[in-house]
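Colleague: Could you walk me through one part of this model at close range? I'd like the rings, the charges around them and how they hook up along the chain.

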Amino acid sequence: MVSYCKKSSAEWIIEQLNVENAKLLAFVLVIGFIGYHGILHLRYGPDSCTWLLSSGRYKGDHEWQPYGCMLHKYSKTDARRCLRYLAFWDKYNSFAFIGDSRLEQLYEYFIGVLKTRLDMETSYSSVEHRTNNSYVDSKLRLFVTFIRSNDVSRTMVEQFRNWQRSDKPPSVIVATTGLQLLKNRNTTDLVLEEYKRNLTHLVQAIDSLAARNTQVLWKLMESVETSKLKTDLTKISNVDIEAYNRAAIEILTHSAVKVWSSPRLVSSGAAGDDGVSLSRTALRHSAQILLNMFCNDHMNFNDGSCCAQPEPYTQLQIWTFALFLLCAVYALVRSARSKWTAWRRPPGAAGPPCGRGGPRGAPGAGPARCVGPAGPAGPSPAAALARLGAIMAYFYLCDRTNFFMKENKYYSEWSFWLPVGYVFALGLFFTEASRSSKILHREQTDEWKGWMQLVILIYQVTGASKVLPIYMLVRALVSAYLFLTGYGHFYYTWNTGDTGLVRYFRVIFRLNFLTVVLCLTMNRPYQFYSFIPLVSFWYTLMFVIFALPPHITQASSHTVESRPYQYLYITLKVIGLLTIVTVLYMSEVFFQKIFVTRPWKALFVNADDDIHQWWLRWKQDRYSVACGVTFALARLAAGGASTGVSIVASTGASAGAGALLALAALATYLAFALLCSSAVDCDEVHSYAAFVPVVAYIILRNLSPGLRSRHSAMFAWVGAVSLELFASHSHIWLAADTHGVLVLVPAAPALNLLITSYIFVCAAHEIHALTAVVLPYAVPDDWRLVIRNFAIFLAILVPIGIHDGMF
C-alpha cells in the first residue's frame, strides 16, 4: 500500500507563491482600490480643487505636495502666459483680496509674481495704482485689488453686494478676517455668535457670485508662533484662532464658497519674525496654489493635475475598446459553448486530440487547444485580447482620468541611491547557477537588461534626470541596451543565417505590439514611447543591411576556407552601417527631410508635430548598435563562439590586468559624468565614448568561469519582461506622461510605491504572456500569411492615418 506524506502548512504556503497567484492578488488589489477611490469620490466629490485647497504635506525637498494631485510650479513666464492666453479668449482676469494684514501680504506677493520690470520686458505695459491698493496690466487684461477689512463688517458685506451687482465681477475673490478681533477683543461665545451672524450676511452674495462663475475662497486663519509674539499681540492664541476657523466653516460650508484651509498647513512653523506675519515660503506656496487653481485647466501642463479636467477621449479610443469588448464577448461565448459541449459529452468520451490544428504550414493552421482533465493549455487569441483590453482599461483609468490620485515626483540623494542599493542587494540574494558559462549567454544578458531596467525605473520615479551625473550614467545604460540589441541580433543572424521576413516581423511585432495598443488606447504618439521606436529603427536598419547580398550563411555550414569571406562580408556591412549613420548625422536638415516624409512622418514626430526630440535621441546613441555588432564579430574571430573562452586570458596576471583596465575605464567615464557641466556637450562626447563603460562591464562580468556560471535569477526575470516594463511604466506606475507618480494609497508614499510597483510588475508579466499567445497568430510561420496579415494591418492603419493627417 502506497503511503502519502501530508504536506505541512509551510509547504502548502510555499506552493501557493507562484506567478499566477501573484497576478490574482494584484487583480484583487486593483478591484479593492477601485472600490476605495470610488467611495472617496462619492464622499468628497471628484473635484481635485477640493484636495488642493484643503490638505497636503511638505515633502523632503521642502516643496508643498497637495493631497492627491500635482502642483505645477508657476514661474513668472508661465503665469503671464496663462493670463495672456485667457485675455486672448476675451476673459477678464480679475483677482480681489479682501481681509486683514496677512491677506495684504499675500496680495503683495501675488502681484510680485505677475508683474514685470519695464526695463527688462518693454513689450508689456503695466500701471500700478497705489491709491486703491490695486494693480493693473492692460496687456493681460489683469486687475488685482486689495480691500482692507479687519472684521466681517459693513464694508465687507457692501463690497460683496457691489460685486454681486457688477457686470464684471472678479474672477477670484479671496477673503479672510478675524486676526484684528483676536488682538482687540477677548474670544467669548457671544463674540463668536456675532461673528457667525455677520458671516451669514455674505452667503447670498457669495452664492450669486458663484452662479456667475466667480470663485470665492474663504481663507482660514493661520496659526501664530506664540514664543515670538510682541507685547501688543500676546492676546492672540492659537486656540482662539481655531475657534474662529470652526465658526467660519460652520456657516460657510453650506454656501458656494470654497473653504481654503491648506494655508494653515503651509504656514505651520513658518511664521515671520513677529510670530504673526507670514514667511516668504508660506506666501510662495499660497500664491502657487492660487495660480494652479486658476490656470491649470486652461494651460494643461503635464505636471499640474490639480483643478484640471482629464483629457477627453477620442473616437479611436472608443473603437479600440469596443474591439476589445467584442473579443471578450466572443471569448465568453466560446468558453460557454465549450463547457456545454463537455457537459453533454458521454462519460469516458475523449476530447479532441492535442496537436496542430492542421497540416504544418497549412493556411490557418495554429496551435490546437488541448482540452482534458487539466483544462485548456492556454487562452485563445480572443481571450488573450480580452484580457489585454481589461488591462488597458486599468491603464486608461490610471492615467487618462482623475479617478486615481497623482502626486509630483520627489528627488533626493537618499530617494535615488537607497532604492538602488536595495535592488542590488535583492539581486545578489537571488543568485543561482547558470545553464551556460559562455560570454554573454542568455541568462547573463537578461540579468544585465534586468538590473539596468530597474535602475532606469528608479531614475524615472524619483525625477533624477535633473542631476546631470545621474543623467549621464543612465544614458550609458540606454547605450548598453542598444549595444545588446546589435550584439544579440547579429549573433542570431550569424548562427542561423535567417534574414527572412518572418524573423523580421516577429521581432518588430514583439517590440511594438504593446506600444501600438498603448498608442490607440492612451491617445499618445508613437514617439512618446521613445526607446521602443529607437530600438525598432535600429533593428530595421540592421536587418536591411544584413538581408542585402552578400548574405551571411548559417554558422554550422561554415568551413575553414569560407569563414574568412563571411568575416569580410560582415565587415563590409558594418562599414556600410557606419557610413549611413555618419551621413545622416552630418546634416540635420537632410536627416529631417528623410524622417518628415509622409506617411512615416507620424512615426517620428511628437504630439507637437516636432521631430527635434527624435533627432536628439537618435544621435545620442548612433554608434551603439554598430559597437555591439563589432564586439560580437571580434568575439567570433577570437573563437569565443565555439569554445566560450573569456576575452581576458585565463591566467591570473592577465585577468588582474584586464580587471584593472576595466576599472580604470569605468572610473574615467564616471569622472567624465561628474565633471561635465553641459548636457549638450555631455551627450556629444557620450555618443563616441558610450562603448567604454559597456565593454568594461563585460570584461568585469566575465573575468572568470565562476562569474560566468552564476547569475541573478531576479534580474534575469525582470530582464525577460523589460520591454513591457518600459512601455507601461508611464501609465500605471508613473502618471501624467511620466511627470508624476500614481497614488493608490494616499498620504503613505513608501507603501504606495510598494503596492503600485507590485501591480505594475504583475501587469507587465501578464502582457508579456499575452503577447506570446497572440504572436504566432499575428506572425505565422508562412511568409505569405505574414504578408497577408501585414496588409490587413495597413488597411486598418491607413484610415487612422488619414484621420490624423499622416497622408
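Modeller: Let's start with the rule for a charge over a ring: NZ of Lys or CZ of Arg has to be within 6 Å of the ring centre and within 35 degrees of the ring normal. Keep in mind that this is a predicted model, where local features need pLDDT of at least 70 and side-chain atom pairs pLDDT 80 or more, while totals for chains, interfaces and linings use all residues. Residues are numbered from 1 along each chain as written, and side-chain values use heavy atoms, leaving out hydrogens and water.

So, the charges over rings. Arg503 puts its charged end over the ring of Tyr492, 3.7 Å from the centre. Further along, Arg622 lies over the face of Tyr688, and here the distance to the ring centre is 5.0 Å.

Right after Tyr492 in the numbering comes Thr493, which is in helix H16 (residues 468-496) (helices are DSSP runs of H or I, at least four residues, numbered from the N terminus). Thr493 counts as buried, because its relative accessibility is 8% (buried is under 20% relative accessible area, exposed over 50%, partly exposed in between, with a 1.4 Å probe and protein chains only). The C-alpha of Thr493 is 8.5 Å from that of Thr553, with 60 residues separating the two along the chain.

H16 also has a charged residue to look at. Arg475 and Asp621 meet through their side chains in a salt bridge, at 2.2 Å from N to O (a side-chain nitrogen of Lys or Arg within 4 Å of a carboxyl oxygen of Asp or Glu). This contact links distant parts of the chain, since Arg475 is in helix H16 whereas Asp621 is in the loop between H21 and helix H22 (624-637), 146 residues apart. Both partners, Arg475 and Asp621, are buried. Elsewhere, Glu311, Asp399, Arg400, Arg524 and Asp737 are joined into one network by salt bridges that share partners.

Now the rings themselves. Searching the whole structure turns up 53 aromatic pairs (rings of Phe, Tyr and Trp, the last by its six-membered ring, with centres within 6.5 Å; planes under 30 degrees apart are stacked, over 60 edge-to-face, the rest tilted). One of them is Phe528 with Tyr529: the centres are 5.0 Å apart and the planes stand at 90 degrees, so this pair is edge-to-face. Phe528 is partly exposed at 23% relative accessibility, whereas Tyr529 is buried, with a relative accessible area of 2%. Then there's Trp538 with Trp618, whose ring centres are 6.0 Å apart and whose planes are at 10 degrees, so that pair is stacked. Trp538 belongs to helix H18 (residues 531-547) and Trp618 to helix H21 (residues 612-620), so the stack ties together parts that are 80 residues apart in sequence. Trp538 and Trp618 are both buried.

That stack isn't on its own, either. Trp538 and Trp618 belong to one aromatic cluster together with Phe537, Tyr585, Phe591, Phe595, Phe604, Trp614 and Trp615.

For context on the charged side, the count for the model comes to 28 salt bridges. Some of them stay inside one helix, and two make a handy contrast with Arg475 and Asp621, which are 146 residues apart. In the first, Lys23 meets Glu20 at 3.6 Å from N to O. Lys23 and Glu20 are 3 residues apart in helix H2 (residues 19-44), so about one helical turn separates them. Lys23 is buried, with 12% relative accessible area, but Glu20 is exposed, at 53%.

In the second, Asp78 and Arg81 meet side chain to side chain at 2.9 Å, again N to O. This time the helix is H4 (residues 76-88), and Asp78 and Arg81, being 3 residues apart, are likewise about one helical turn from each other. Asp78 counts as buried, at 12% relative accessibility, while Arg81 is partly exposed, with a relative accessible area of 36%.

Back to your part of the model, then: if you want two contacts to pull up on screen, take the stack of Trp538 on Trp618 and the salt bridge of Arg475 with Asp621.
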